[in-house]
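Trainee: I would like to take a close look at a single part of this model with you. Could you walk me through it slowly?

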Amino acid sequence: MNLAVVIFLFLLGLLLIVKGGDWFLDGAVWIAEASGIPRFIVGATVVSVATTLPELTVSVTGVLEGEIDLAVGNAVGSVTANIGLILGISVLCMPSAVNRGQFTLKAVLMLCGAVLLTILCQDGSLPLFSGLLLFAIFALYLGNNIYDAKMSMAADRDGGLRRHAASHRKMASKLGMFAMGLTGIIIGSQLLIDYGSALALKLGVPASIIGVTLVAVGTSLPELVTTLTAIAKKEASMSIGNIVGANVIDLTMILPVCSAVSGGSLAIGRQTIELDLPACLVVGAVSMLPPLVTGRFYRWQGFALLGLYVGYLALLMT
């Protein structure tokens, strides 16, 4: 198969993931809102889960097909892309204050997930038992969001807020969009794995580098689209909540699932240990520590995060 066909099919996979993620996201958000779940919780849970489905499907498919470096690189690289590139753009364009009650625990869980993952991977593997420790952080994150949702829904009931039932036609349309989006994500992920690996082979680039660059950024495009839309609509909290939630899922759910799929122990490459995870920790600290201390994001953080991400990409290419 010639290079032009490989590139075309690789880009087709990205397109299916992005468009599938868009349809899935619209359907999922409508379902959540129709059920009465508050918008902030939708952003931190349903939106985050929807936008991380590409990372999950790509990484799991990669493990099943023996492309371990690409799978791990995608999961870790997506977090670095989410923070360094996407959150960097968001904060640069729209620095904002945070709601400490909604932000603090989620930001702390994200940082704890990054630190714990780095520690657990130092011996070159992620055993299933160690993965369960990460999964415990994911469970705590979900539990906190469910609690927040219940409190908000209770407040709505106490305030006498009522919701109107949707028509059958609209319900069928949204559920169909949900199913079509999920199908697009699955098919696109398969194309991305198959032809991302072929592209790396033809270009002589290690699969681990393809994983943390082209594939990681490609599977982070739903987060990027969400962020750009939030910037246009001046919804800073929705953008930040989505990115933080997506990163918690990437760090504490995807690799443990991959470890289980791989048979109980996921091999972690040298590049991941020496460069990818430290880069993830650095951009995580630069992004989360200032708002944890002062209660707001600053424009200088946007410049710093974008600069760090460019520096990280430069190190990958040396």
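How many of the 26 residues of H3 are buried, and what does that say about how the helix sits in the rest of the structure?

Mentor: Happy to, with the reminder that this is a predicted model. Of the 26 residues of H3, 20 are buried, so the helix is largely enclosed by the rest of the structure. H3 covers residues 68-93, and at 1.5 Å a residue it should span 38 Å; its end C-alpha atoms lie 36 Å apart, which agrees. Along the way, H3 bends by about 35° at Leu 87.

Keep Leu 87 in mind, as it leads us to the surroundings of the helix. The largest nonpolar core has 52 residues, and Leu 87 is among those with the most contacts inside it, together with Leu 117, Leu 126 and Met 288. At least two residues of this core come from each of H3, helix H1 (3-34), helix H2 (39-64), helix H4 (100-120), helix H5 (128-158), helix H9 (236-261) and helix H10 (270-294). H9 gives the most, with 10 residues. To see one of the well-connected members up close, try Leu 126: leaving aside residues up to four places away in sequence, its contacts include Leu 117, Leu 134, Leu 255, Pro 256 and Ile 268. There is also a second, separate core of 13 residues, which includes Leu 14, Leu 192, Leu 199 and Ile 210.

Two of the other helices named above are worth a stop. Val 29 is found in helix H1 and is buried, with a relative accessible area of 16%. Its C-alpha atom is separated by 6.7 Å from that of Val 46, although the two are 17 residues apart along the chain. Thr 57 has its place in helix H2; with a relative accessible area of 19% it is buried too, because buried here means under 20%. Not counting residues up to four places away in sequence, Thr 57 touches Ile 185 and Ser 189.

Finally, follow H10 onward to its partner. H10 and helix H11 (residues 299-317) pack at an angle of about 175°, with their axes 10 Å apart. Angles over 145 degrees count as roughly antiparallel, and H10 and H11 are therefore roughly antiparallel to each other. Among the residues making the contact are Leu 275, Ala 279, Val 282, Val 286 and Pro 290 of H10, and Trp 300, Ala 304, Leu 308, Tyr 312 and Leu 315 of H11.

Methods
Residues numbered from 1 in each chain as written. Predicted model: local features only at pLDDT ≥ 70, side-chain atom pairs only at ≥ 80, totals over all residues. Heavy atoms only, no water. Helix = DSSP H or I, 4+ residues; strand = E, 2+ residues; numbered from the N terminus. Expected span 1.5 Å × (residues − 1). Bend = angle between axes of the 7 residues up to and from the residue. Buried < 20%, exposed > 50% of the residue type's maximum accessible area, 1.4 Å probe, protein only. Core = buried A, V, L, I, M, F, W, Y, C linked by side-chain atoms within 4.5 Å. Contact = heavy atoms within 4.5 Å. Axes fitted to C-alpha atoms, helices over the stretch in contact; angles between N-to-C directions. Parallel < 35°, antiparallel > 145°, perpendicular 65-115°, else oblique.
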